[in-house]
Amino acid sequence: MEASHEEKRNASLKRALLILSCVLLSIGTCGGPLIMRLYFIHGGKRVWLSSWLETGGWPIIFIPIALAYYHRRTTEGPSTKLFFIKLPLFIASAVIGLITGLDDYLYAYGVARLPVSTSSLIIAAQLAFTALFAFLLVKQKFTSYSTNAVVLLTIGAAVLGLNTSADRPKGESDKEYIAGFFMTVAAAALYGFVLPLVELTYKKAKQTITYALVLEIQMVMCLFATIFCTVGMLINNDFKVIPREARNFGLGEGTYYVVLVLSAIVWQTFFLGAIGIIFCASSLLSGIVIAVLLPITEILAVIFYHEKFQAEKGVALALSLWGFVSYFYGEIKYSKQRENEKKKEKEKEKEKEIEIETKDTPETADVSQLDP
């Protein structure tokens, strides 16, 4: 009974953590691109700075790590460790962090050149790459519904490429727009690789993966991604330009720094949400949640930034939504099938136990008859 109660408690905690991770990912997925685009719309031009801000808020992760340590210290005593991460896992996290740093630059370059409504729809194709790499790296099983979703999302991104000049920002050449388009596609592909790679790291780690350890992994990843982008900023002299750019910012110097700080904080909610979902469920679900939220980001961009909404975007949005519905319908259907299969297996196990008991009963009865 105690074991069953503990299992239910752990399941409830994991469910609560999954919901919290979904909320954090929602804030990051919708807010991150909008704040980043706000920087570029009002005079910001530093792509390396924008990519740096995507992971530059990594010290925020110290807060939940410190709270978890304090909780452990009160329950386990002063001998408890502050950090659990071991060297092999640290190295793996550092490598993933460097890849994330490159992805940050690709994505920031795309947002600098494309309207948010366009870049969001392109990023929707990330689900296709996540599904592909999840299949290759962590042996994620494909169904007809998930395959259909991947195809639809890929076609949706391709449709946007048919008319590249319709929503091109003023003063931007075709060459810059196309470069931004392909950089965003590359960012979608690379992050589609990162999510399953993180899940693979969890599976291959030679230590128990707890949420406290997941936070440490995320902190190391963001630290090395920030180091990667810091090198880019130094080469590009971005640190020297920041004061001048702040003075010339369209919304004022004070607002400039507020935008930078908010950007760093909001992007941290994105990463914390993504790794939380991978921990509680899978990398594919993390990719799906990101993809589901992208149409909302697109609508918000049209409302706040008055971006154009052409027929191509409408088609791409419809295909994306169709893909999401297809995937979720398939997941619900197959989860019910898995539940039924588990129930049947349990019933078979019970039947076997009953058969064993009935076989043993006559033997004990015969022995009792021989007793005087």
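Asn237 is partly exposed, with a relative accessible area of 38%; "partly exposed" covers the range between buried (under 20% relative accessible area) and exposed (over 50%), using a 1.4 Å probe and protein chains only. Asn237 is found in the loop between α9 (211-235) and α10, and has a positive phi of about 60° although it is not a glycine. This is a predicted model, in which local features need pLDDT of at least 70 and side-chain atom pairs count only at pLDDT 80 or more, while totals for chains, interfaces and linings use all residues. Residues are numbered from 1 along each chain as its sequence is written, and side-chain values use heavy atoms, with hydrogens and water left out.

**The overall picture**

- The protein chain has 13 helices and 0 strands; helices (H or I, at least four residues) and strands (E, at least two) are DSSP runs, numbered from the N terminus.
- Reading from the N terminus on, you meet the elements α-α-α-α-α-α-α-α-α-α-α-α-α.
- Along the principal axes, the C-alpha atoms of the protein chain fill a box of roughly 105 × 55 × 30 Å.
- The protein chain has 372 residues, and 46% of them are buried.

**A residue inside helix α4**

- Val111 has its place in helix α4 (residues 87-113).
- Val111 counts as buried because its relative accessible area is 1%.
- Val111 and Lys45 are 66 residues apart along the chain, and their C-alpha atoms are separated by 11 Å.

**Salt bridges**

- Side chains of opposite charge can pair when their charged atoms come close.
- The structure holds 2 salt bridges; the term means a side-chain nitrogen of Lys or Arg within 4 Å of a carboxyl oxygen of Asp or Glu.
- One of them joins the side chains of Asp238 and Arg46, at 2.9 Å from N to O.
- This pair links distant parts of the chain, 192 residues apart: Asp238 sits in helix α10 (residues 238-247), and Arg46 in the loop between α1 (2-41) and α2 (47-55).
- Asp238 and Arg46 are both buried.
- Lys203 forms a salt bridge with Glu199, and here the closest N and O atoms are 3.9 Å apart.
- Lys203 and Glu199 are separated by about one helical turn, because they are 4 residues apart in helix α8 (residues 174-204).
- Buried or exposed: which word fits Lys203? With a relative accessible area of 53%, Lys203 is exposed.
- Its partner Glu199 is buried, at 7% relative accessibility.

**Aromatic pairs**

- A pair of aromatic rings is described by the distance of the centres and the angle of the planes.
- The structure holds 17 aromatic pairs; rings of Phe, Tyr and Trp (its six-membered ring) pair if their centres lie within 6.5 Å, and planes under 30 degrees apart count as stacked, over 60 as edge-to-face and the rest as tilted.
- Among them is the edge-to-face pair of Phe249 and Tyr256, with 5.2 Å centre to centre and 70° between the planes.
- Phe249 and Tyr256 are both buried.
- Trp267 and Phe270 form another edge-to-face pair, with 5.7 Å centre to centre and 80° between the planes.
- Trp267 and Phe270 are 3 residues apart in helix α11, so about one helical turn separates them.
- Trp267 is buried, with a relative accessible area of 4%, and Phe270 is buried too, at 9%.
- Ring pairs also link Tyr39, Phe40, Phe249, Tyr256 and Tyr257 into a cluster.

**Patches on the surface**

- Ile60, Ile63, Leu67, Val261 and Ile265 form a nonpolar surface patch, with about 450 Å² of accessible area together.
- Patches are made of residues with over 30% relative accessible area and no salt bridge, joining like charges within 9 Å and nonpolar side chains (Val, Leu, Ile, Met, Phe, Trp, Tyr) within 5 Å.
- Accessible areas come from the Shrake-Rupley method with a 1.4 Å probe, and for residues, only the protein chains shown count as cover.
- Which helices each supply at least two residues of the nonpolar patch? They are α3 (62-76) and α11 (253-280).
- Ile265 is found in helix α11 and counts as partly exposed, at 39% relative accessibility.
- Glu341, Glu345, Glu349, Glu353 and Glu357 form a negative surface patch; Lys and Arg count as positive and Asp and Glu as negative, while His and the chain ends are not counted.
- The place of a charge is taken as NZ of Lys, CZ of Arg, CG of Asp or CD of Glu.
- Within the negative patch, Glu349 is found in helix α13 (residues 311-370).
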